[in-house]
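Colleague: I should be grateful for a close look at a single part of this protein, explained for someone who is new to reading structures. Please choose one strand and follow its surroundings outward.

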Amino acid sequence: MTHDGTALGTAHDGKAPGATDEGTPPGAAHEGTAQEVAGRALEAPAPGWTVDADVVVVGSGVAGLTAALRCAAAGARTVVVTKARLDDGSTRWAQGGIAAALGEGDTPEQHLEDTLTAGAGLCDEDAVRALVTEGPDAVRRLIEAGARFDVSDTTGGIELTREGGHHRRRIVHAGGDATGAEVSRALVAAVRAEPSLRTVENALVLDLLKDAYGHTAGVTLHVMGEGQHDGVGAVHAPAVVLATGGMGQVFAATTNPSVSTGDGVALALRAGAEVSDLEFVQFHPTALYLGPDAEGQQPLISEAVRGEGAHLVDADGVRFMVGQHPLAELAPRDIVAKGIVRRAAEQGTDHAYLDGRHFGAEMWERRFPTILAACRAHGIDPVTEPVPIAPAAHHASGGVRTDRYGRTTVPGLYACGEVACTGVHGANRLASNSLLEGLVFAERIAERAVTETAGPGPYASARTRVPLLPPEARVAVQRVMSRGAGVLRSADSLAEADERLSALPGEMADKPAEPGVETWETANLHLVARVLVTAARYRAETRGCHWREDHPDRDDAQWRRHLRVSLAPERTAPEGTAPGTAPGTAPDTPFTVRTTQTTAFPPVAQNQETQ
């Protein structure tokens, strides 16, 4: 394994793909001759309609809508493309809240320390500092935009709660446990009130368009039978902001909605962008346990329930997290999730319990009405009985690699929110930092996307069409991932997952896979799953939410750095090469894997960070 920025098993000059020379920001005006631009794209019909814009934002969560509003306010012709309705993204499912140093005695420095601790040595400290120092004002601007957060009955000020990994009460919430829904409501209302913003709903983004110089030129998309357009079309724009959310549907059980199929990460990979830290998938410790065969989106029991004093107990009623960590139930999520899995296994079961009976009915009804209703809908009453819980895939700490202004390694392509990897979360996201990240980095992107991009040159076509998988492959991918790359991983489990994922296209070759939403989503999930497993096989250590049973210790000397993964034109090592076994080797994989030199996270060029 090399740590100098070179590819593992391939020659490399130390500059990231898409890098520009010092002083030339990504997306600046083009010079030189047009050249054929390598790229891949999903098998899809040619676009039958087009829309022109200055900026296209893909996604309608907190990150996407914030970016769109800021770009429109700067005078850019902005189009928002979203997979469902404007308010159907992951943001509205967020229960806990937004973390920001707003309380008396709290400071951004304290918030930074908690974030760095949770990130297990892999956070980019400068990115975290930007998050925590700009965060409080970003929350205030959200309030000015119309968001209504819960206030204290005694002081009249914003009511703050505490969640896992935080040493202070700094979580802003709304409707008790419906913060995401309120944030979504306020931003959707602001977007609908902005006449210059154009929206395309019920549209699955397919691939990035590039010009002949390799610069972003827009996206192709498929509108699913509703709205102004129908079928496959294109939005032409020199700046594309990916805000597509997460990839939780790559696992059998997740707290993510059905639209979270990793579309943005897959698009970016096919466009030639680097992704990073995909091995760090956070499993929320307390999803409502609905039985051993439960699949798809699982109801979430917010961390705020533990923040208010609920206890994790095993089948015997014992508080098993006491003594495992100084914060007990409020330890970082990776520690709590592993604690649950281990104790359940010791007792021959697959779940534990969350006991909040001491809250009483009034507190449950006032503070956690959404959770209370969800539990009762499944025949469980938290007022009178412990709630069965188990970890479920929840948040991707990694994603499309960006700098501190959301710029990826493809000029003109930006990313923010869960689809992005800014270096903020490191190996494990601190609770309620995700909505804050969406706010802060969306505003930073808007500063650059409007001014840095030039009009596209001659359009280039992708050279390679990616074959599709039949819809039946989706469940197969999910089950392979949950078995082999879930909370606890090992070399054997990951190797088996890699083998099964690699074999899947051949096994499904006799089944029809015509271009359409189901096959496109399945292709995205399969690609993201393969990258995740590849990264997890390389990282031969335990760190944050990546737990290797065969490498149970953290290895700072070898692994305190980030993996950078991109699609390779051909495999980078002979068949049978096992990852993590020798320096400089790469697995038999369609990916190129590199590492950063340090935990710092400028992705475009080591010497270029525009202030």
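Modeller: The account below begins with strand S4 and then moves outward to its sheet, the neighbouring helices, a second sheet and the nonpolar cores.

The model is predicted. As a setting for the close look, the protein has 14 helices and 26 strands. Of its 611 residues, 61% are buried. Among contacts with a separation of 6 or more, 75% are between residues 24 or more positions apart.

Strand S4 covers residues 78-81. Is S4 covered on one face or on both faces? Both faces are covered. Thr 78 and Val 80 lie on one side, Val 79 and Val 81 lie on the other, and all of them are buried. The term has a fixed cut-off here: a residue counts as buried when its relative accessible area is under 20%.

Next come the strands that pair with S4. Strand S3, residues 55-58, pairs with S4 in the parallel sense over 4 bridges. Within this pairing, Val 55 has Thr 78 as its bridge partner, and Val 57 has Val 80. The two strands also belong to one unit: S3, helix H1 (residues 62-73) and S4 make a right-handed β-α-β unit. Strand S8, residues 198-200, pairs with S4 as well, in the parallel sense over 3 bridges. In that pairing, Val 200 of S8 stands opposite Val 81.

These pairings are part of an open sheet of 5 strands, whose order is S8-S4-S3-S12-S21 and whose pairing is parallel. Which strands form the edges of this sheet? They are S8 and strand S21 (413-415), each of which pairs on one side only. On average, neighbouring strands of the sheet are turned by 20 degrees against each other, direction ignored. Helix H10 packs on this sheet, where it touches strand S12 (239-242) and S21. The direction of H10 makes about 170 degrees with that of S21.

H10 (434-452) leads to two further helices. One is helix H3 (125-144), which packs with H10 at an angle of about 95 degrees, the axes being 8 Å apart. H3 is therefore roughly perpendicular to H10, a description that applies to angles from 65 to 115 degrees. On the H3 side, the contact includes Ala 127, Ala 130, Leu 131 and Glu 134. On the H10 side, the contact includes Leu 436, Glu 437, Leu 439 and Val 440. The other helix is H2 (residues 108-118), whose buried residues are His 111, Leu 112, Asp 114, Thr 115, Leu 116 and Ala 118. These residues pack against strand S5 (98-99), H3 and H10. Just after H2, Ala 120 takes a positive phi of about 55 degrees.

A second open sheet may now be introduced. It has 5 strands in the order S2-S11-S10-S9-S23, with mixed pairing. Its edge strands are strand S2 (50-52) and strand S23 (459-460), and each pairs on one side only. Inside this order, S10 and strand S11 (residues 231-236) run antiparallel and are joined by 6 bridges. Val 223 is found in S10, which spans residues 216-223, and stands opposite Gly 231 in S11. Val 223 has a relative accessible area of 1%, so it is buried. The C-alpha atoms of Val 223 and Asn 202 are separated by 5.7 Å, although these residues are 21 residues apart along the chain. Helix H13 lies across strand S9 (203-211), S10 and S11, and runs at about 65 degrees to S9.

What links S4 to this second region? Val 235 offers an answer: leaving aside its neighbours within four places in sequence, its contacts include Val 79 and Val 81, together with Val 56, Ala 217 and Val 219. Val 79 and Val 81 are the buried residues on one side of S4. In soluble globular proteins, nonpolar side chains tend to be buried together. The largest nonpolar core here has 70 residues, and those with the most contacts inside it are Leu 221, Val 235, Leu 242 and Met 481. Helix H13 (residues 517-538) gives the largest share of this core, 10 residues. A second, separate core has 51 residues, among them Val 139, Leu 142, Val 188 and Ala 243. Val 139 and Leu 142 also take part in the contact between H3 and H10.

Definitions and conventions
Residues are numbered from 1 along each chain as its sequence is written. This is a predicted model: local features need pLDDT of at least 70, side-chain atom pairs count only at pLDDT 80 or more; totals for chains, interfaces and linings use all residues. Side-chain values use heavy atoms; hydrogens and water are left out. Buried means under 20% relative accessible area, exposed over 50%, partly exposed in between (1.4 Å probe, protein chains only). Two strands pair if DSSP finds at least two bridges between them. A crossover is right-handed if, with the strands pointing away from the viewer, the path from the first strand over the helix to the second runs clockwise. A nonpolar core is a set of buried Ala, Val, Leu, Ile, Met, Phe, Trp, Tyr and Cys residues joined through side-chain atoms within 4.5 Å. Contact means heavy atoms within 4.5 Å. Axes are lines fitted to C-alpha atoms, for helices over the stretch in contact, and angles run from 0 to 180 degrees between N-to-C directions. Angles under 35 degrees count as roughly parallel, over 145 as roughly antiparallel, 65 to 115 as roughly perpendicular and the rest as oblique.
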